[in-house]
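Here's a quick walk through a structure, with a stop at a cavity and another at a helix. Have your viewer open and follow along.

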Amino acid sequence: MKHMPLIKPQLATTKTRLAFAISLALGVGFIQPVFSQESSNQTAQATAVEEVIVTGIRGSLTRSMDLKRSASGVMDAISAEEMGKFPDTNLAESLQRITGVSVSRANGEGSQITVRGFGPDFNLLTLNGRQMPGTGNTRSYNLENLSSEGVNTLEVHKTARAEFASGGLGATVNIVTLKPLSSPGQKFSLSGKAIHDTSNEAGDDVTPEIAGVYSNTFMDDSLGVALSFSHHRRDFQKQYARIQGWQANVGLPSDPNPETTIDPRPIDDEGEPIGNHFFPRDMNYGIEDFQRERNNAQLTLQYAATDNFIATVDYTATQAITGMNAIGWGMWNDYGGNINAYVLDENGTAIWTDISGNDGSFSANRNTTEVQAKSIGLNLDWQVFDDLNLELDYHDSSNEIDNGQDGGLGGTGSLVLGSDQLVTKIYDYRSGEVPSAEIHWLNGSTQLQAGEIDSHFSQFIHSPGEATVEQLQLHGTWENNRFDIPLENIKFGVAQTENAMGGSNSWSGLIGGFGFNPSWTEIFPDSMFTQHSTDNFLDAFAGGGADLSPDYYYTFSFDEVVARSAAFLTNDVLGGDDYFDTDAYHPMGTYTEGSVEEVTNSIYLQSQWGFDIAGMATQLNVGARYEETEVTSRVLQDVPTEVWWLGGSEWHMQYLSGDGNFYTAEGEHDVFLPMMDFKMDITDDLVGRFSWGKTITRAPLGNLASIRQLSGSPKVGSRNGSEGNTNLLPFESTNFDLSLEYYYDESSYASIGYFKKDVKNFIGNQIVSVQLDGFHDIYEGPRWNQAVADLEADGEQATNDAIFAQMVANGAVVNEQGYLQPTTDDPLIVWDISRPFNSEDEKTVDGVEIAIQHLFGDTGFGLGANVTLVEGDVEFDVESLEQQTPLTGLSDSANLQAFYEKDGLSLKATYAWRDEYLIGVGQDQGSSDAPPQFAKTFGQWDISINYDLTDEVTVFFEGININNETEQHFGRYEEQFLYAGQYGPRYILGARYSF
C-alpha cells in the first residue's frame, strides 16, 4: 500500500496576521488580553503583595478566596502556595478541589475535567486567555501533559462573559502563568522528587522528577525574564479485566434444559419471557507495563518600553512519551445456535452462561506514543490614554500526537495467539467484583498447554494526528472618567480563530495466517511461554487474585513472536497479499486521512455599571458576543468493495486497489451570546450574585469529518459504520446562576449557589440501519441457511465453524486465501451506521453547589469542604433500546481538605469523591442499540507533609491514592460488567530550594 502524506491543516494567513500585529504595534500600541495574562492588573498586583506576606496553604487559600470575591460572575480559583509549588502533583487533581469540578483519570492520574456535570468536551481551556488545541481527535486538553511549575493561578469561570472566547458551555478554565514584571526581583526555585509507584513490576522502583522556576527583572524593572522547566518520569503497571460490549437479544436455545437454565423474567400469555436479554461479547484480562516521561518548559520575556507600554513574548513546550508493553488473555463469543445453558437475572443479564465455539487467546501488545505541544505568543499592551487601554494578542499553538514512536514497529502492534480446540466456555459473574471466564479444552482440562498455542492473527496501526489553533485577538477597555453616570467601563474587541485537526490512520488488516486453519503450532516452541499464577492479579477486587478462573496466564516475548512469524508466515506460505510484517501500511490493510478546519470571526461589547441600591454597593455587567464559523472537512479513504468470510468470527472487508478518493464538505453557523452579571455587597461580609447568559460548545471535531467508514472486521452483530456531519450546530445553553457568599473572616467563607442550564442542539449518535448496493452477506444467505439445516438434521450444533465446514462440504468454493466470497444470491448486508445529529429536544441540568473554607484562628488548623449535587432530564434510560442523546459525565461530587500549617510544618489530607456517572454511549463490541458505559463511584485519599529545614530548604512527602481506590465500569446494569482496573498507591519524597 502506498504511504500517503498526512494532511496538515492549511493556515495560510499566519504571516499576514503576524505582520498586521507588528505593524499595529509600531503604529499604535496595545493592551492586555481580556483574561489579562494575569487575569487583571489589579488582581496580579494584589496577588504579588499577598505572596510576600503569606505563603503556603493559608496563602494559597486566601488568594483564591480573594479572586472569587472580586470576580463579577461566578468564579473559583486555585493559587500557587509559593513560586514553583502548586497544591497538587497534577493540574487536574488541583482543579477537582474546586466546587463543581470532578476529574476523569488516565493511568491512575487526573487527566480531564467535568464541570457541573458537563464533561471534557464541554469545557474550554485557555492558557493566559488563549484557546489551546485539544489532544487527539477532541476539543478537550489532557492536563496530565502539563506540569504545574510556572503556573500562578487556575481560574474556573462558570458563568458567561462576552469578553471570553466561546466554547466553555460547562466552564472556561484559564491557566495563568508567572509574569516577571508582575513580581519584580530575582526569584528561584528548584525541586527534586523520588517517585515510587507501588504497582510497578517491570520498570524502576524509584523514578525521578526535577523542576525549576527562575524569574528576574532588570533595567529598573522594565525588562523581565521567567523560565520554568520540569522533567518527570513514572514507571507503573495497570491490571484490568474488560468486556468490550454486550449483545442484546441474541438467539437463545429453542428448548433449553430447565436444570441448567434459569430465567426469572415474567412470562406473557403466550409463555414468552417479557423484556430484553443480554450476553457478553467477550471476556478479557490484561497487564500493561508503562514507562512515561514528560518534559515541560516555558520562557516568558517582558519589556516595558514606557510606563504605558508592555510587550510580552512567551513560548511553551510539552513533550510526553508513553511506552507500553502488555499481555492479555481471554475468550471471544459469537452467537447463533451455540448457547448451551444460561442463568439470567431479573433484568435479563446473563450472569452465568455456557457457550460453544470460537476461541481462547493469549496476546501481546506494544505501543509508544508521543505528544508534542507547542505555543508561541505575542502580547502588546498599551495604555493609550488614562481612560483607554488596547491590547493585541496573537498565538500559534499546536498539539501533535503520534503512536509510531516505537523504533521497531512504527506504530501500535498486537499479536494474538491462542486456540479454537475447545469444548465449551463458561462465563460466571454470580459473585465477586470480577467475572471468571473458564475454557474447557479438548485436552480434557481447563488449561491450554504451551505446545497447543497456535498463531491466530496480528495487526499494526499507525494513527498520527495534529490539532492547531491560531488566534488573533484585539481587545479594548474604556474607563469612564468623564461622565457622571453609573457606567464604569466598556470592553470591546474582535478576534479570529482558526481551529484545525488533521490526522491519518493506517491499519495493516488482520494478517499472518489467522483463523487456526491451518494450524501453525509448530512455529512457537514450548520454551517460549512462561506460565504464571493469578495470585497477585486484580487482588484489590473480590473474586480477583487466586479466586479468579482461569487462575493462570502465559507471557511470551513480543520480539520472539515477531521474528518467528516473519520467518515462517511468508507470502509463499499464506498466498494472496498475506504475509507477516510489522508495517501498518500493509497491502491487506486500509488507509484514511482527513482534516477539519474551523474559522471563527467574533466581536463583542461588554459594559460594567456600579451603583448603590438601598445603600448596598451593586455591580452590573451586561454584554454580548457574536460569532460566525465556517467549517471545511477534507477526507481521503480507501474504497470498500465487499466482505469475505474466513470462518469462525473472521469477517474481513475488501478494498479497491489504488490510492483512494478525496471527499470535501463545507458547513457554517453563527451564534449570538448575550450575558448579564449582577453582584451586590449586601453587607461588608455578604455578597449576592445573579447571572444569566448563553454559552456554547461546538461539535467534536471528529463528528464534523465528512466521511463514511465501514468496519474493517464486520463480525456478525457488529456490522458497524460511521459518518460525519459538517453542518452540526453547537450545543447551546441558556444559563441561570444565583449564589450567596459569606466572607466571615480573613481567610474563611461559606457559599451556596444554584445553577440551571437549558441546553438545546444536543449532539447524539443516531444509528441508522442501511443496506448498501454491492455488499452481499454470506450470513443467513441461501448457502448459510442450507448448512444450518443440514447440521440440525444430523443433530449437530450449528456453530460458525461447523457452518463454514458444512458450506464447503456442500460445494461452496474457498478462494486461494481461504475465504468464502459472497454471491449475488446472498442478501445485502444490513449496516448500522452511526451519524451525529442535533436533537430537537431541549434538556435541563440544574444543581446546587455548597462550599465552606474555615481557618481556626492562629492554631494552624484549617478545613475546606464542598459538595455539588446535580440532576437533569439528560440521563440514559437503561430500559430502552432506542437511540438516546444523554449528557455524559453528569454526577454528584464532593471534596474535603484538612490541614495543619505552623512553624515550618504543614500536613494536609484531601479526599475527592465522585458519584456514579455515564462515561459514554456505545460499546466497542456492543449491539446496535448503542448501549451505555457507566463508571462506579470513586473516592481517593491523598496526603502531603512539608517541613521547612531553613527559610530556603523544604523537604516533603506525598502519598497519592493511599486507600488503593480502583476503577470499575458497567453497562445498562451493574451486572453487565465492562471494566475493572487497579493501579495502587504512589508515594513521593522530595526537597525544594527557593530564594
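Which element gives the largest share of the lining of the largest cavity? Keep in mind that this is a predicted model. The answer is α3, with 6 residues.

Let's stay with that cavity for a bit. Its volume comes to about 390 Å³, and 27 residues line it. If you want to find the middle, look for L61, A77, R97, Q853 and Q897, which lie nearest the centre. The elements giving two or more residues to the lining are α3 (56-70) and β1 (75-79), plus β40 (843-855), β41 (861-872) and β42 (893-902). As for chemistry, the lining is a mix: 12 nonpolar residues, 9 polar ones and 6 charged ones.

Now jump to helix α7, which covers residues 782-793. Its 12 residues reach 16 Å from the first C-alpha to the last, close to the 16 Å expected at 1.5 Å a residue. Which of its residues are buried? They are W784, A787, V788, D790 and L791. Looking down the axis of α7, you'd see these buried residues fall within an arc of 165 degrees, so they line one face of the helix. The spacing fits a general rule: an α-helix has 3.6 residues a turn, so residues three or four places apart point the same way.

What covers that buried set? Among the covering elements are β30 (640-645), β31 (651-655) and α8 (800-809). On the other side of α7, E792 and A793 are exposed. After the helix comes G795, with a positive phi near 75 degrees.

Key:
Residues are numbered from 1 along each chain as its sequence is written. This is a predicted model: local features need pLDDT of at least 70, side-chain atom pairs count only at pLDDT 80 or more; totals for chains, interfaces and linings use all residues. Side-chain values use heavy atoms; hydrogens and water are left out. Helices (H or I, at least four residues) and strands (E, at least two) are DSSP runs, numbered from the N terminus. The expected span of a helix is 1.5 Å times one less than its number of residues. Buried means under 20% relative accessible area, exposed over 50%, partly exposed in between (1.4 Å probe, protein chains only). The arc is that of the directions from the helix axis to the C-beta atoms. Contact means heavy atoms within 4.5 Å. On a 1 Å grid over the protein atoms alone, a cavity is a set of points where a 1.4 Å probe fits but cannot get out, and a pocket is an open set with protein on both sides within 12 Å along at least five of seven lines; lining residues have an atom within 4 Å of a point. Grid points are joined across faces, edges and corners, and a volume is the space filled by probe spheres set on the points. Ala, Val, Leu, Ile, Met, Phe, Trp, Tyr, Cys and Pro count as nonpolar, Asp, Glu, Lys and Arg as charged, and the others, Gly among them, as polar.
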